[in-house]
Amino acid sequence: MVPTLGVSDPDEDSLTINGEIAIVTETAAPAHLENVDTIYSGWRFRSDETQAVQMDDFDNPGMIGVENALVDWASADGTEGKSCADCHGEAEELAGVRAVYPKWNEEQGRVTTLEMEVNNCRETRMGAEKWKYTGGDMTDMIALISSVSRGMPVNVAINGPAQSTWEQGKDLYYTRTGQLELSCANCHEDSYGLMIRADHLSQGQINGFPTYRLKNTKLNSVHARFKGCVRDTRAHTYKPGSPEFIALELYVASRGNGLSVEGPSVRN
């Protein structure tokens with residue numbers, strides 16, 4: 001039996017977290033997008049019940065990861081006996097960081113993600129072992145860094161030395177893969193708003209990551225979600241932290257320029 005497709009536009013609800021953090025969930029598409037006029041947060045495609053869970057930190061299960069990361073933030077680790085707080089102070093000092101990543105790192109001569117920067121700090125400044133790219137400790141830390149930027153506009157730079165990586169990510173976004181011969185764009189640009197069985201397709205924006213998914217009851221990182229999407233096309237997937245996924249993250253993040261950072265968000 002062929003799955004039934006239904007059309008359901010994003011709702012008209014507005015998102016304010018804790019009654020004080022206003023989140024932009026709809027805005028004009030960035031100039032570089034050719035086929036979309038308006039961009040929407042994935043929150044606008046969720047049920048009222050799921051939306052409500054994200055509106056209060058007390059109800060948002062993703063905030064448990066933030067609390068776990070606060071412990072790691074203040075804890076010394078590695079041969080240097082340093083903690084994140086020793087260099088950065090309070091976590092709130094990183095407000096605005098999540099909004100501009102991935103970004104070009106001049107010293108390293110490449111585009112880096114927040115996960116890469118966290119592990120760079122752990123290795124070079126703390127003398128500690130790297131965390132697994134999509135591991136719980138890492139995803140919790142990215143949730144903490146995201147949480148202090150909530151409400152700030154995503155503003156990922158795609159010009160200059162980052163442009164070639166961005167172009168690679170764009171190619172990946174529009175390339176059909178797998179036995180199903182699907183691209184990211186087929187679902188998240190051509191078909192957003194469609195209901196496939198019980199799933200309401202969004203634009204695939206990543207401004208809300210890390211995302212707590214009710215489906216697997218944990219925080220999910222961007223690259224873990226990419227891996228799952230590629231796997232769903234029945235294709236061989238890239239590894240989290242691979243050059244391909246870094247490029248794809250840069251491109252997809254840029255598609256959300258103008259939306260608010262809202263991680264840790266809550267989705268199905």
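Start by selecting Pro102, which lies in the loop between helix 3 (84-88) and strand 6 (103-105). Helices (H or I, at least four residues) and strands (E, at least two) are DSSP runs, numbered from the N terminus. Add Tyr101 to the selection: a cis peptide bond joins Tyr101 and Pro102, with omega about 0 degrees.

Before going on, note that this is a predicted model, in which local features need pLDDT of at least 70 and side-chain atom pairs count only at pLDDT 80 or more, while totals for chains, interfaces and linings use all residues. Residues are numbered from 1 along each chain as its sequence is written, and side-chain values use heavy atoms, with hydrogens and water left out.

Next, colour the chain by pLDDT, the predictor's confidence in each residue, from 0 to 100. The mean over the protein chain is 95, and 96% of its residues reach 70 or more. Residues 1-5 have pLDDT below 50; beyond near neighbours in sequence, this stretch has seven contacts (heavy atoms within 4.5 Å) in the model. Where pLDDT is low, the predicted coordinates should not be read in detail.

Now go to Phe209 and Pro210. The peptide bond between them is cis, with omega near -5 degrees. Pro210 is in the loop between strand 9 (199-200) and strand 10 (211-213). Move on to Thr217, in the loop between strand 10 and strand 11. Thr217 is not a glycine, yet its phi is positive, near 50 degrees. Most residues other than glycine have a negative phi, and most peptide bonds are trans.

Select the two domains in separate colours: domain 1 (15-59 + 153-266) and domain 2 (62-148). Such bounds come from an automatic or database domain assignment. The C-alpha centres of the two domains lie 21 Å apart. Their contact takes 27 residues from domain 1 and 22 residues from domain 2.

How much area do domain 1 and domain 2 bury between them? The value is about 1,900 Å², 71% of it on carbon and sulfur atoms; buried area is the accessible area (1.4 Å probe) that two parts lose on being put together, summed over both. Show Leu219, Ile246 and Pro264, which supply 23% of the area that domain 1 buries against domain 2, more than any other three residues.

On the domain 1 side of this interface, strand 11 (218-220), helix 8 (222-232) and helix 9 (243-255) each supply at least two residues. Helix 9 gives the largest share, four residues.

Across the interface of the two domains there are zero salt bridges (a side-chain nitrogen of Lys or Arg within 4 Å of a carboxyl oxygen of Asp or Glu). The whole structure has eight.

For the last stop, select Arg44 and Asp11, whose side chains meet in a salt bridge (3.3 Å, N to O). Arg44 lies in the loop between strand 5 (38-40) and helix 1 (48-54), and Asp11 in the loop between strand 1 (5-7) and strand 2 (15-17), so the pair ties together parts that are 33 residues apart in sequence.
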